[in-house]
Amino acid sequence: MDHVTDVVPDVAPQLRALRRRRGLTLEAAAQRAGLSPAHLSRLETGNRQPSLPMLLALARIYGTTVSELLGEAPPERDPVVRAGRSEPVEADGWIYRQAGGAGRAMQALRVHVPYATSADIVRVHPGEEWIHVLEGRVRLALGDAVHVLDPGDSAHFDSLTPHRIGAATQAGAELLFVHTLMQSPAAELCLGGGTPHRR
């Protein structure tokens, strides 16, 4: 992808404002996101850039969308998303474009996923996810099972099932990624009781 931005736009002030609006302490929000309070503090002060999984987690916790976190919300909802209108954003090897409208309960992204590593966090959260592989191969760890998806393959699963998504090929993979955003206060990202799980 051409003209990929090197970092996520400055979302630090927005992260702090949203946390405070939800009435969450730094410690409570960090626990729900599976982060240390110090890590979340660095995100809120701009001393660290959030990855796409972190943005998804924080958007769910704060009841907003990734596009709104990034300041990408359009002045009005257009049902058509034109090719080339959405600038790619990169964070920790994940490169994504908005593929759906902003401010919706269901978010659609086109994502370039990097090669899976043992350091990737296994995530658990309310909602559903659907992925469809466009290019490359994707390794989906879903509960105790590991599935390798080829181009044209899809997976649709309950996000309360512990899961991890990564490319099964060194060059990465391209996929369509759709997830539901839970807007209620009960919509929290849970990583096994608030602690990261790694495989």
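**Exercise 1. Find which residues of helix H3 (residues 37-45) are buried, and decide how they sit around the axis.**

Solution. This is a predicted model.
- Step 1: Pick out the buried positions. In H3, these are His-39, Leu-40, Leu-43 and Glu-44.
- Step 2: Look at their directions. They span an arc of only 140 degrees around the axis, which places them on the same side of H3.
- Step 3: Recall the helix geometry. An α-helix has 3.6 residues a turn, so residues three or four places apart point the same way.
- Step 4: Identify the partners. The buried residues of H3 pack against helix H1 (12-21), helix H2 (26-33) and helix H4 (52-62).
- Step 5: Check what follows the helix. Gly-46, just after H3, has a positive phi of about 80 degrees.

**Exercise 2. Describe how H1 and H3 pack, and classify their orientation.**

Solution.
- Step 1: Choose the descriptors. Two packed helices are described by the angle between their axes and the distance between the axes.
- Step 2: Read the values. The angle between H1 and H3 is about 120 degrees, and their axes are 6 Å apart.
- Step 3: Classify. Roughly perpendicular covers 65 to 115 degrees, and roughly antiparallel needs over 145. H1 and H3 are therefore oblique to each other.
- Step 4: List the contact. H1 contributes Ala-12, Pro-13, Leu-15, Arg-16 and Arg-19, while H3 contributes Leu-40, Leu-43, Glu-44 and Thr-45.
- Step 5: Sort by type. The contact of H1 with H3 holds five nonpolar residues, one polar and three charged.

**Exercise 3. Repeat the analysis for H2 and H3.**

Solution.
- Step 1: Take the geometry. H2 and H3 pack at about 105 degrees, with axes 8 Å apart.
- Step 2: Classify. The range from 65 to 115 degrees counts as roughly perpendicular. H2 and H3 are therefore roughly perpendicular to each other.
- Step 3: Name the residues. On the H2 side are Leu-26, Glu-27, Ala-29 and Ala-30; they meet Pro-37, Leu-40, Ser-41 and Glu-44 in H3.
- Step 4: Sort them. This contact of H2 with H3 divides into five nonpolar, one polar and two charged residues.
- Step 5: Cross-check against burial. Leu-40 and Glu-44 are among the buried residues of H3.

**Exercise 4. Lay out the sheet of six strands, then follow strand E2 through it.**

Solution.
- Step 1: Write the order. The open sheet runs E1-E2-E3-E10-E5-E8, with antiparallel pairing.
- Step 2: Mark the edges. Strand E1 (89-91) and strand E8 (154-158) each pair on one side only.
- Step 3: Add the twist. From one strand to the next, it averages 25 degrees.
- Step 4: Connect E1 to E2. Three bridges join these antiparallel strands. Ala-91 stands opposite Trp-94 in E2.
- Step 5: Connect E2 to E3. Four bridges link strand E2 (residues 94-98) with strand E3 (residues 106-113), again antiparallel. Here Tyr-96 is opposite Val-111 in E3.
- Step 6: Assess burial. Four of the five residues of E2 are buried, so the strand is largely enclosed by the rest of the structure.

**Exercise 5. Work out the order and the edges of the sheet of three strands.**

Solution.
- Step 1: Set the order. It is E7-E6-E9, an open sheet with antiparallel pairing.
- Step 2: Find the edges. Strand E7 (145-149) and strand E9 (163-167) each have a single partner strand, so one side of each lacks a neighbour in the sheet.
- Step 3: Quantify the turn. Neighbouring strands are turned by 15 degrees against each other on average, direction ignored.
- Step 4: Detail one pairing. Five bridges join strand E6 (residues 138-142) to E9, running antiparallel. In this pairing Leu-140 stands opposite Ile-165.

**Exercise 6. Is Gln-107 buried or exposed, and how far is it from His-179?**

Solution.
- Step 1: Locate Gln-107. It lies in strand E3.
- Step 2: Apply the cut-off. Buried means under 20% relative accessible area. Gln-107 is at 2%, so it is buried.
- Step 3: Compare separations. Gln-107 and His-179 are 72 residues apart in sequence, and 5.5 Å apart in space, C-alpha to C-alpha.
- Step 4: Widen the view. Of the contacts in the protein chain with a separation of 6 or more, 70% come from residues 24 or more positions apart.
- Step 5: Place this in the whole chain. Its secondary structure comes to five helices and 11 strands. Buried residues make up 44% of its 199 residues.

Terms used. Residues are numbered from 1 along each chain as its sequence is written. This is a predicted model: local features need pLDDT of at least 70, side-chain atom pairs count only at pLDDT 80 or more; totals for chains, interfaces and linings use all residues. Side-chain values use heavy atoms; hydrogens and water are left out. Buried means under 20% relative accessible area, exposed over 50%, partly exposed in between (1.4 Å probe, protein chains only). Helices (H or I, at least four residues) and strands (E, at least two) are DSSP runs, numbered from the N terminus. The arc is that of the directions from the helix axis to the C-beta atoms. Contact means heavy atoms within 4.5 Å. Axes are lines fitted to C-alpha atoms, for helices over the stretch in contact, and angles run from 0 to 180 degrees between N-to-C directions. Angles under 35 degrees count as roughly parallel, over 145 as roughly antiparallel, 65 to 115 as roughly perpendicular and the rest as oblique. Ala, Val, Leu, Ile, Met, Phe, Trp, Tyr, Cys and Pro count as nonpolar, Asp, Glu, Lys and Arg as charged, and the others, Gly among them, as polar. Two strands pair if DSSP finds at least two bridges between them.
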